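Let's walk through this model together, starting with the place where its chains meet. Take a moment to turn it around before reading on.

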Protein chains: 2
Amino acid sequence: MLVFLSALQSGGVTKSSNVGAALIEMLHTATLVHDDVVDESMERRGQKSVNALWNSKIAVLVGDFFLARGLQMATENNEMSILKAVSDAVQEISEGEIEQMEHARKLDITDETYYEVIRKKTATLIAACTKCGAISAGASEETVQAMYEYGMNLGIAFQIKDDIFDYEKSSFLGKPTGNDIKERKMTLPLIYALRNAPNAEQKSMMKLIRKKYKEASTAKIATEFVHQYGGIEYSIKMMQEYGQKALEALHRLPSNEATPCLEKLVLFNEQRNK
Amino acid sequence: MLVFLSALQSGGVTKSSNVGAALIEMLHTATLVHDDVVDESMERRGQKSVNALWNSKIAVLVGDFFLARGLQMATENNEMSILKAVSDAVQEISEGEIEQMEHARKLDITDETYYEVIRKKTATLIAACTKCGAISAGASEETVQAMYEYGMNLGIAFQIKDDIFDYEKSSFLGKPTGNDIKERKMTLPLIYALRNAPNAEQKSMMKLIRKKYKEASTAKIATEFVHQYGGIEYSIKMMQEYGQKALEALHRLPSNEATPCLEKLVLFNEQRNK
């Protein structure tokens, strides 16, 4: 959808838009299939995962197969600039995930590191969609750049929203919360709350996380802590700022029928509750 | 080495040959890293595997990262025809491995299925090397096709040799034998021996494999059976036939300084003992 809307925004949907959208869909599917192997997840989108239905070996190969089929399709159609945009994205995504694991369990990560990680692991894929859409429409470099920035900022806002969810108190979301803390993953709400809390509270919270991050009670205490020291408010503010940046990039382009849809996506992210 | 020798055979090494060789090396490394995850192998080339040094998650991502870096390099250099050859190969390789697992544990596979599987899982990569070498030299379609056939037939001969190794009696190879039977993997030496054995012997061997393929004694009995019913001799003959086909494809091209090296590779495979 992002590829097609971005193509429409940038001059019109072409045959290349189909190739770009299919390539990214296959690539995205490949990474999800690989993710389920490494996380040993048995479910995906309410269905059994590939590794659950068969096994990890099959799942790694199915992921590689999807990737190769996507590449084949793109090379058959001579889509060099789309291929370049997508391989840049895959490189950043895998690099980002490795970096996240490197930083994982470090408790003193900065905002800068947080943004660097979410930019690579999440926003890059969304930016690849919007960039490929613009490329497929044969748009100018300025337009491609604007659509890339729109996607990148939308993607960052999207991940901040996900990270806020994990500290939601009410469980009506239908999504389990408190997962990040159980993996000692430091995200914006907690990073800010720690910075904002008085020294003594900060130290005792750090100590609790360091020693008992796996316990359910720690997740509960951390959630209270995040709310108490403004981690949610601050993160919402930052999410909105990145949404704003996405809109500013979009508005550098002449408005057309795609524009209201792309605007609404920013709002949709801010308001979604799953 | 295959890319460079094939380039030299087909007109000369160019900058594209470097890109092709690097792309295939990175791609091959990526598949090995993924293989070690799915096989849970802790060693690779006498060193700890990536999954042993870190973990499976890191190893899947490192594989994806290598693949992406290879692609990036190829797209930056505008190597569309090399990319196409390589993505065709990746698709066939992953398809071949999945097919092998599908056929795995079936005891009644035909020669045709055997060749189909080894063509995809092994020979395709070697053929991609020799094809990319020729493409990188800017060779004609006929030359590219001849180098592709050379690589494909060399690759088939290479895998037959590996499958013969697994039924070697002497252990001086420094390579463990009897592994295929322990995984109920039917390869040419055993497929032929079963076909060539008297009906009663064939049936009792099949029964033994079906019921006790994991036992060390079964591997030993199967090795004797393969030798007794000509499985080794027949497989050596077939390996040499494919080696001959490789040489015939090579000799369709004018001879130059690369030719004796590519000829020797065929002989080297037949004589290697590891």
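How many salt bridges are counted between chain A and chain B? There are two, and in a model that is predicted it is worth looking at one of them up close. The side chain of A:K84 meets that of B:E76 in a salt bridge, with 3.7 Å from N to O. Polar contact across the interface of chain A and chain B involves six residue pairs, both residues being at pLDDT 80 or more.

Now let's see which parts of chain A are facing its partner. On the side of chain A that touches chain B, α2 (15–38), α4 (56–76) and α5 (80–103) each supply at least two residues. The most comes from α4(A), which gives 16 residues. Sorted by class, this side of chain A holds 15 nonpolar, eight polar and 10 charged residues.

Next, the extent of the contact. Chain A and chain B each bring 33 residues to it, and together they bury about 3,200 Å², with 76% of that on carbon and sulfur atoms. Within the area that chain A buries against chain B, A:K57, A:L61 and A:M80 supply 18%, more than any other three residues.

Finally, consider how the copies are arranged. Chain A superposes on chain B by a rotation of 180° with 0.0 Å of shift along the axis, at an RMSD of 0.0 Å. This is the relation of a two-fold axis. A:M80 has the C-alpha of chain A nearest that axis, 3.6 Å away. Both copies use the same surface, as 100% of the contact residues of chain A recur in chain B.

Key. Residues numbered from 1 in each chain as written. Chains lettered and ligands numbered in written order. Predicted model: local features only at pLDDT ≥ 70, side-chain atom pairs only at ≥ 80, totals over all residues. Heavy atoms only, no water. Contact = heavy atoms within 4.5 Å. Buried area = accessible area lost by both parts, 1.4 Å probe. Salt bridge = Lys/Arg side-chain N within 4 Å of Asp/Glu carboxyl O. Polar contact = N/O pair within 3.5 Å; in protein donor to acceptor, adjacent residues only side chain to side chain. Helix = DSSP H or I, 4+ residues; strand = E, 2+ residues; numbered from the N terminus. Nonpolar A, V, L, I, M, F, W, Y, C, P; charged D, E, K, R; others polar. Least-squares fit on C-alpha atoms with pLDDT ≥ 70 in both.
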